[in-house]
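Here's a quick briefing to read with the structure open beside you. Have a look at the fold, then come back for the details.

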Amino acid sequence: MEDTAKRLLRRLIRRSPAQQLRAALEKWSRLTAAQRREVEGAESKQELTERLMMIQEEQVWSLKQVTELEMIYVIDNPNQGMWQVLQLTEPSDDVPTVELTQFKENFRSHLSELIRHVSVKMKKASDEAVWIRIAWGDGFSRPNHLRPTYVLHYLQTPYVFVSSLTSKQRPLLSQALALATRYGAVKDANLSGRKLTALRDLLMKRYQQTFPSVVPGPVTEKNQTLLHPQVERDQAEAAVERQQKACEAFGEGTLPQLQTAVYKLETKFRDHSNKKMSESDGPFRCVVKFASTNLLESLRDCASSGFASTPVAPLLSSITLKGRNHFVITDNGPGPSHS
């Protein structure tokens with residue numbers, strides 16, 4: 001365990017920028033006043049690493065203590081790694097009554113029944129979220145603390161955010177979550193990305209939404225070229241309408257920093273000039289991926305400026321309407337279908 005704690009600490013230090021690591025260390029209660037002064041005096045990342053590892057040699061922090069530091073770091077820096085969203089479905093009548101203490105006890109108990117060797121650590125965040133760190137083992141090996149799964153769940157919502165979860169571990173986590181939260185099942189929410197805060201804000205509508213309105217908004221004064229008054233009015237009204245429709249589809253102000261949207265096409269190939277493809281028994285498959293540093297703002301700007309048509313096509317407006325960024329388009333209907 002001592003060797004695992006040392007390796008975990010070294011791995012955490014290696015992957016963490018110095019500023020974020022220092023912030024996590026300040027919240028960690030394992031450093032003495034003298035040790036804190038040593039750490040604060042380090043001028044470079046290399047020096048900081050050397051001092052921490054030297055303290056580890058002297059102090060011999062336990063695995064439990066080092067995982068506490070890792071959790072503090074991950075909670076403070078959630079926009080790292082790849083996150084996927086799971087959705088709890090088929091709620092029982094008493095779902096709203098599930099409390100934190102009850103959830104913790106039930107989750108630990110159910111997961112331990114499903115897998116023999118597993119380590120679970122939980123922490124309540126300031127925004128009422130429950131963070132869970134799971135180190136997985138199996139019937140023969142001890143939990144691997146160097147490759148933990150992180151889970152974030154807001155008890156009063158059906159959404160669960162998960163990072164570093166394998167296909168083998170997913171059924172175990174899903175069953176433990178369903179039992180602990182009193183839901184009947186867990187499904188893929190078809191939403192994923194590297195910015196956890198963007199996924200959370202999109203699902204929980206933590207951005208300024210615009211609702212349909214028939215009342216035209218104010219027209220912003222711009223440098224106008226000499227146009228016929230009627231043409232000028234028509235253009236101004238069209239610009240206002242485009243802006244309104246764009247905001248209805250994607251929201252106003254600063255939007256969640258969603259970075260991608262993926263559309264998988266599974267349909268019949270239609271081109272009479274290519275009989276080989278058109279007469280194929282299997283579906284025609286292709287993938288279209290939109291990517292941007294802030295995809296929702298980019299799409300909104302395209303619609304409001306006239307580069308994209310308004311009202312916004314359901315294939316794009318479904319990102320915010322359904323809280324998804326993965327879609328499968330088939331011949332079954334006009335809109336995106338569930339994968």
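At what angle do helix α6 and helix α7 pack, and how far apart are their axes? The angle is about 145°, and the axes lie 8 Å apart. Keep in mind that this is a predicted model. Below are two helix pairs, a sheet and one loop residue.

**Helices α6 and α7**
- Helix α6 covers residues 100–114, and helix α7 covers residues 170–181.
- These two helices cross in a right-handed way.
- On the α6 side, the contact uses F103, N106, F107, H110, L111 and L114.
- On the α7 side, the partners include L172, L173, Q175 and A176, and further along the helix L177, L179, A180 and T181.
- Sorted by class, the contact between α6 and α7 has 10 nonpolar residues and 4 polar ones, with no charged residues.

**Helices α2 and α5**
- Helix α2 (residues 18–27) packs against helix α5 (residues 63–76) at about 125°, and their axes are 9 Å apart.
- Angles from 115 to 145 degrees fall in the oblique class, so α2 counts as oblique to α5.
- The α2/α5 crossing is right-handed.
- From α2, the residues in play are Q20, L21, A24, L25 and K27, and they meet L69, I72, Y73 and D76 of α5.
- This contact of α2 with α5 is made up of 6 nonpolar residues, 1 polar and 2 charged.

**The three-stranded sheet**
- Reading across this open sheet of 3 strands, you get β8-β7-β9, and the pairing is mixed.
- Strands β8 (284–291) and β9 (326–330) are at the edges with a single partner strand each, so each has one side without a neighbour in the sheet.
- From one strand to the next, the twist averages 15°.
- As a reminder, strands in a sheet pair through backbone hydrogen bonds, and they can do so in parallel or antiparallel fashion.
- Strand β7 (residues 260–267) runs parallel to β9, and 5 bridges join the two.
- If you want a spot to zoom in on, try E266, which sits opposite T330 in β9.

**D94 in its loop**
- You'll find D94 in the loop that links β1 (83–91) and α6.
- Is D94 buried, exposed or partly exposed? Its relative accessibility is 33%, so D94 counts as partly exposed.
- D94 and D301 are 207 residues apart in sequence, and their C-alpha atoms are 44 Å apart in space.

Definitions and conventions:
Residues numbered from 1 in each chain as written. Predicted model: local features only at pLDDT ≥ 70, side-chain atom pairs only at ≥ 80, totals over all residues. Heavy atoms only, no water. Pairing = 2+ DSSP bridges. Helix = DSSP H or I, 4+ residues; strand = E, 2+ residues; numbered from the N terminus. Axes fitted to C-alpha atoms, helices over the stretch in contact; angles between N-to-C directions. Parallel < 35°, antiparallel > 145°, perpendicular 65-115°, else oblique. Left-handed = near helix turned anticlockwise from the far one by under 90°. Contact = heavy atoms within 4.5 Å. Nonpolar A, V, L, I, M, F, W, Y, C, P; charged D, E, K, R; others polar. Buried < 20%, exposed > 50% of the residue type's maximum accessible area, 1.4 Å probe, protein only.
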